[in-house]
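Let us take a friendly walk through this structure, one part at a time. Keep the sequence and the 3D view side by side as you read.

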Amino acid sequence: MPDTEFQLRRGTGAANDALTGAAGEPTFDTTNNRLRLHDGSRAGGWPVPIFRDVQNGTFVAATAGGSADALTITLSPAPAAYAAGQAFWILAAADNTGSATLNVNSLNVKTLKRQVAGAKQNLSAGDIKTGRPYLVFYDGTDFVVFSAQDLGEAVSSEITVSTGDQSYSLTHGLGARPRHYDAFLLCKTADLNYAVDDEIKVTNFFVKVSSAAAWGGVTVRANATQVIVQQERDIYLPDVSGGTPSVIDYADWKLVIRCRA
């Protein structure tokens, strides 16, 4: 290689930030080992990403600030304006409690949406969970939220079960019938040789009650607003060690209903 050295004007990140370079002028940021290209008007110029910036999401990822339902992020350098097709990564700092918004670098408040059955909907409580990462895509109007976990998920609290004909339900708030829904019996105290925290998936089943012409069992169904677990007579489970199914000790179990769009 030639022995002649060529060096650009250089300085710390702070020095580059304060510089409004000439149009077409490159400078070198010694703090971040990054080129800056200047346009004659923007202070600090335009940083040129290096592979580390791409791998680390330097310019597009941030921990959410603001509040649970009015999220903010601050990126550096700040985007000049919103543009359809922009995408940012957000690390949530709180569970949302209902419809939520996002404001990037104080550009403007935009509504966060989720996709349900091909249509955009406002978020429901718990769609955003503390400590989870979310990708938000700006479609020109709203930020559409994507996650490695399912959005549009609803989970009931632990429901007390009891003998006889019963109906248990979860109002899911998904805006449409969920594509996936299940109910589970959660063992809270050992029963029929099941251990504490064992979880039994409840499926549609019926069993004959003794020798009488009567049947008992459970059905699980869903509609646009609820997931319903219908109990006819009693809930029977086989003993873990084998044998004929027996009625559970209701005090030892709770019911949990889960669904997702």
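To follow the strands, it helps to know that two strands count as a pair if DSSP finds at least two bridges between them. Please also keep in mind that this is a predicted model.

With that in hand, look for E6 and E7, which a hairpin of three residues joins together. Strand E6 covers residues 65-66, and its pairing with E7 is antiparallel, over two bridges. Within this pairing, glycine 65 stands opposite threonine 72 in E7. E7 also has a second partner: strand E9, residues 101-104, pairs with E7 in the parallel sense, over four bridges. Here alanine 70 is the residue that faces threonine 101 in E9.

Which residues of E7 lie on its covered face, and which on its uncovered one? Strand E7 spans residues 70-73; Leu71 and Ile73 make up the covered face, while Ala70 and Thr72 make up the uncovered one.

Now turn to another set of strands. Four of them form an open sheet in the order E1-E2-E3-E4, with mixed pairing. At its edges are strand E1 (9-11) and strand E4 (46-47), each of which pairs on one side only. E4 runs antiparallel to strand E3, residues 34-37, and two bridges join them. One bridge partnership to look for is that of leucine 37 with tryptophan 46 in E4. Tryptophan 46 has another partner too: the charged end of arginine 42 sits over its ring, 4.0 Å from the centre.

Before leaving this region, visit the loop between strand E2 (26-29) and E3, where asparagine 33 is found. Most residues other than glycine have a negative phi, and most peptide bonds are trans. Asparagine 33 has a positive phi of about 50 degrees, although it is not a glycine. Its relative accessibility is 45%, so asparagine 33 counts as partly exposed. Serine 106 is also a residue other than glycine with a positive phi, in this case of about 60 degrees. You will find serine 106 in the loop between E9 and strand E10 (109-116). Serine 106 is exposed because its relative accessible area is 67%, and the cut-off for exposed is over 50%.

The peptide bonds hold something to look at as well. Serine 76 and proline 77 are joined by a cis peptide bond, with omega at about 0 degrees. Proline 77 belongs to the loop between E7 and E8.

Next, let us go to the interior. In soluble globular proteins, nonpolar side chains tend to be buried together. The largest nonpolar core here has 28 residues, and the members that touch the most others are Leu185, Val229, Leu237, Trp253, Leu255 and Ile257. Two or more residues each come from strands E16 (166-171), E17 (180-187), E18 (199-202), E20 (215-222), E21 (226-232) and E24 (253-260). E24 gives the most, with four residues. Apart from this core lies another, of 20 residues, including Ala62, Ala64, Phe88 and Ala100.

What surrounds leucine 185, beyond its neighbours within four places in sequence? Leucine 185 is in contact with Asp198, Glu199, Ile200, Val202, Ile235, Leu237, Trp253, Lys254 and Leu255.

Two cysteines are worth finding. Cysteine 187 counts as buried because its relative accessibility is 0%. Cysteine 259 is buried too, since its relative accessible area is 3%, which is under the 20% cut-off. A disulfide is a covalent bond between the sulfur atoms of two cysteines. A search of the whole structure finds zero disulfides.

Finally, consider the aromatic rings. There are five aromatic pairs in this model. In one of them, the rings of tyrosine 82 and tyrosine 138 have centres 5.2 Å apart and planes at 35 degrees, so the pair is tilted. Tyrosine 82 lies in the loop between E7 and strand E8 (87-91), and tyrosine 138 in strand E12 (residues 133-138), so the pair ties together parts that are 56 residues apart in sequence. Both tyrosine 82 and tyrosine 138 are buried. Ring pairs link these two with Phe88 and Phe143 into a cluster. As a last stop, find arginine 258, which lies over the face of phenylalanine 184 at 4.6 Å from the ring centre.

Terms used: Residues numbered from 1 in each chain as written. Predicted model: local features only at pLDDT ≥ 70, side-chain atom pairs only at ≥ 80, totals over all residues. Heavy atoms only, no water. Core = buried A, V, L, I, M, F, W, Y, C linked by side-chain atoms within 4.5 Å. Buried < 20%, exposed > 50% of the residue type's maximum accessible area, 1.4 Å probe, protein only. Contact = heavy atoms within 4.5 Å. Disulfide = S-S within 2.5 Å. Phe/Tyr/Trp six-rings, centres within 6.5 Å; stacked < 30°, edge-to-face > 60°. Lys NZ or Arg CZ within 6 Å of the ring centre and 35° of its normal.
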